[in-house]
Amino acid sequence: MSTAAAGHHDHDDHGPAKGWTRWLYTTNHKDIGTLYLLFSLVMFFIGGGMALIIRAELFQPGLQLVDPLFFNSMTTMHALVMIFGVVMPAFVGLANWMIPMMIGGPDMALPRLNNWSFWIMPFAFLLLLSTLFMEGGGPAGGWTLYAPLSLQGGDSFAFVIFSIHFMGISSVMGSINIVATIFNMRAPGMTLMQMPLFVWTWLITAYLLIAVIPVLAGAVTMLLTDRFFGTSFFNAAGGGDPVMYQHIFWFFGHPEVYILILPAFGIISSIIPTFARKPLFGYASMVYATGSIAFLSFIVWAHHMFTVGMPLAGEMFFMFATMMISVPTGVKVFNWIATMWRGSMTFETPMLFAIGFLVMFTIGGLSGLMLAITPADIQYHDTYFVVAHFHYVLVPGAIYSIMAATYYWLPKWTGNMYDEKWGKIHFWVSTVFLNVLFFPMHFVGLAGMPRRIPDYSLQFADWNAVASIGAFGFGFSQLIFVYVIFKCIKGGEKATSEVWEGADGLEWTVPSPAPYHTFEKPPAQFS
């Protein structure tokens with residue numbers, strides 16, 4: 001079946017499928033993108049519910065609501081759901097929707113593989129969530145599943161690992177499809193250096209996924225054999241080494257955190273030029289910066305392990321390598337600021353989320369630089385300061401960029417404009433509560449409050465109460481997001497072909513290199 005036909009005929013023999021079978025059999029990149037995005041939205045509320053259980057328990061000192069083992073299950077599940085069930089599927093959904101259109105291709109290169117990549121996901125997460133109802137409860141070793149702690153759980157452990165394998169298979173197949181699409185389906189004349197940055201960031205992300213998901217698969221399979229087959233990879237009593245697990249895990253885990261943020265960089269690079277009404281500043285440097293980040297992400301994994309007793313030379317290497325990553329990231333931030341500089345900016349909802357991303361992601365980046373300093377990290381490690389750092393990178397980073405993309409492309413997806421007033425309310429309420437939630441975690445972390453603990457000492461009570469109020473505010477404000485999306489899908493003012501006024505032509509392609517201008521007068525194409 002030809003790829004072009006795949007867009008129109010979702011099932012070979014009987015013409016287009018009707019009703020729910022259309023969604024089951026679909027090979028159309030837009031349908032599959034929609035499925036990924038809706039799946040991600042559902043998981044967002046499940047993972048968010050787990051976070052609210054955590055914050056409700058921590059509202060005051062003492063053990064109130066849940067037993068400590070269940071609390072540990074919640075911290076573990078919350079992370080697994082948010083990373084593998086929300087951020088990654090949402091980015092894959094955006095890739096499915098937008099990449100074929102951005103490169104002028106008729107569909108994804110491998111439409112049936114695309115269908116399978118998606119339908120593995122719901123089963124993987126049913127399997128993962130079902131472990132909460134098994135004897136011994138869900139996984140309680142933290143999302144990193146560190147041995148020997150993770151090996152203590154009940155028999156649900158095997159199901160957790162099985163579900164992680166499923167998620168990995170889905171990610172690798174999706175990535176292969178994206179690479180094949182970008183290399184083989186570009187419109188005639190579109191060179192690599194003319195692709196929109198969202199396409200570039202996804203190409204690099206797909207390579208990262210193909211490289212590191214097998215590493216995770218190996219690590220969790222070794223855990224499985226240690227638990228059920230009597231091996232001793234990570235069991236010191238049998239000659240194994242628990243620290244080896246950390247090395248293998250973080251060799252996956254560090255590139256993974258860039259997998260969670262690189263597509264966001266691509267989204268922000270599409271949105272800021274549109275609402276600044278200027279071409280992206282420094283297109284080529286953005287491409288090279290993305291490649292540098294991806295390369296460096298492979299050689300910094302042990303900065304998560306400064307407290308395991310590494311040799312001093314190892315600590316120094318990982319410290320300086322980690323600091324180097326902040327250079328290409330800084331290049332990106334300054335390029336976005338230069339794009340906005342003297343642009344004729346307007347502040348529709350996507351731009352608000354993009355600027356929110358820029359400001360708060362930078363806060364997370366700077367606290368990450370603090371954590372890269374070995375002697376300082378020995379103090380910060382395993383405290384709430386680390387929790388504050390990665391939530392500032394992931395929530396205003398990954399989640400905000402997904403929301404920005406949703407508002408930005410909803411008119412294209414649905415043909416209707418979303419409700420701008422409610423979009424702005426969603427942004428401002430979310431942003432206020434997000435900072436009320438995560439900023440105090442810096443204070444309790446620097447004061448020494450450990451993470452992943454259901455009870456705490458009295459001196460941390462006030463800021464924890466503040467953070468928990470922020471958590472419930474942020475959680476419930478996401479209902480506004482659902483309302484805006486629902487209202488937009490249902491109908492509303494029709495979107496024009498020039499959705500964002502005055503940004504005609506900039507939405508999809510940004511000329512490379514950018515047209516020459518001195519910033520004294522508007523570039524020729526907009527005068």
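What follows is a friendly exchange about the helices, loops and a pocket of this structure.

This is a predicted model, in which local features need pLDDT of at least 70 and side-chain atom pairs count only at pLDDT 80 or more, while totals for chains, interfaces and linings use all residues. Residues are numbered from 1 along each chain as its sequence is written, and side-chain values use heavy atoms, with hydrogens and water left out.

Student: Let's start with helix H8; how many Å does H8 reach from its first C-alpha to its last?

Tutor: Helices here are DSSP runs of H or I with at least four residues, numbered from the N terminus. The expected span of a helix is 1.5 Å times one less than its number of residues. H8 covers residues 242-259, 18 residues in total, and 26 Å is expected. The reach in the model is close to that, at 26 Å.

Student: At which residue does H8 bend?

Tutor: A bend is the angle between axes fitted to the seven residues ending at a residue and the seven starting there. In H8 that angle is about 30 degrees, and the residue is Trp250.

Student: Which residue has a side-chain oxygen that reaches the backbone nitrogen of Val243 at the start of H8?

Tutor: A polar contact is a pair of N or O atoms within 3.5 Å; within protein, one must be able to donate a hydrogen and the other to accept it, and residues adjacent in sequence count only if both atoms are side-chain atoms. At the start of H8, the oxygen comes to within 2.9 Å of that nitrogen, and it belongs to Asp241.

Student: Is Gln246 buried or exposed?

Tutor: Gln246 lies in helix H8. Leaving aside neighbours within four places in sequence, Gln246 is in contact (heavy atoms within 4.5 Å) with Tyr146, Met305 and Val308. Buried means under 20% relative accessible area, exposed over 50%, and partly exposed in between, with a 1.4 Å probe and protein chains only. The relative accessible area of Gln246 is 12%, so this residue is buried.

Student: Which helices are included in what covers the buried residues of H8?

Tutor: The residues to be covered include Tyr245, Phe249, Phe252 and His254. Their cover includes helices H4 (68-103), H7 (197-228), H9 (262-276), H10 (283-296) and H11 (312-340).

Student: Taking H9 from that group, how many of its residues are buried?

Tutor: The end C-alpha atoms of H9 are 21 Å apart, which agrees with the 21 Å that its 15 residues should span. After H9 comes Arg277, with a positive phi near 55 degrees. H9 is largely enclosed by the rest of the structure, because the buried count is 15 of the 15 residues.

Student: And H4: on which residue is its kink centred?

Tutor: H4 has 36 residues that should span 52 Å, and its end C-alpha atoms are 50 Å apart, which agrees. Asp67 caps the N-terminal end, with a side-chain oxygen 2.8 Å from the backbone nitrogen of Leu69, and Gly104, just after H4, takes a positive phi of about 75 degrees. The kink is about 30 degrees and is centred on Met82.

Student: With which side chain does the side chain of His303 make a polar contact?

Tutor: His303 sits in the loop between H10 and H11, and it is buried at a relative accessible area of 14%. Not counting residues up to four places away in sequence, His303 touches His254, Phe318, Thr322 and Asp377. Its polar contact, at 3.0 Å, is with the side chain of His304.

Student: Which element gives the most to the lining of the second largest pocket?

Tutor: A pocket is an open set of points on a 1 Å grid over the protein atoms alone, with protein on both sides within 12 Å along at least five of seven lines; lining residues have an atom within 4 Å of a point. This one is lined by 19 residues, with Leu37, Leu38, Thr406, Trp413 and Ile485 nearest its centre. The elements giving two or more residues to the lining are H3 (29-57), H4, H14 (384-414) and H16 (461-490). Giving the most, with seven residues, is H14.

Student: Which peptide bond is cis, with omega near 0 degrees?

Tutor: Look in the loop between H5 (111-130) and H6 (156-184), where Pro148 has its place. The cis bond runs from Ala147 to Pro148.

Note on methods: On a 1 Å grid over the protein atoms alone, a cavity is a set of points where a 1.4 Å probe fits but cannot get out, and a pocket is an open set with protein on both sides within 12 Å along at least five of seven lines; lining residues have an atom within 4 Å of a point.
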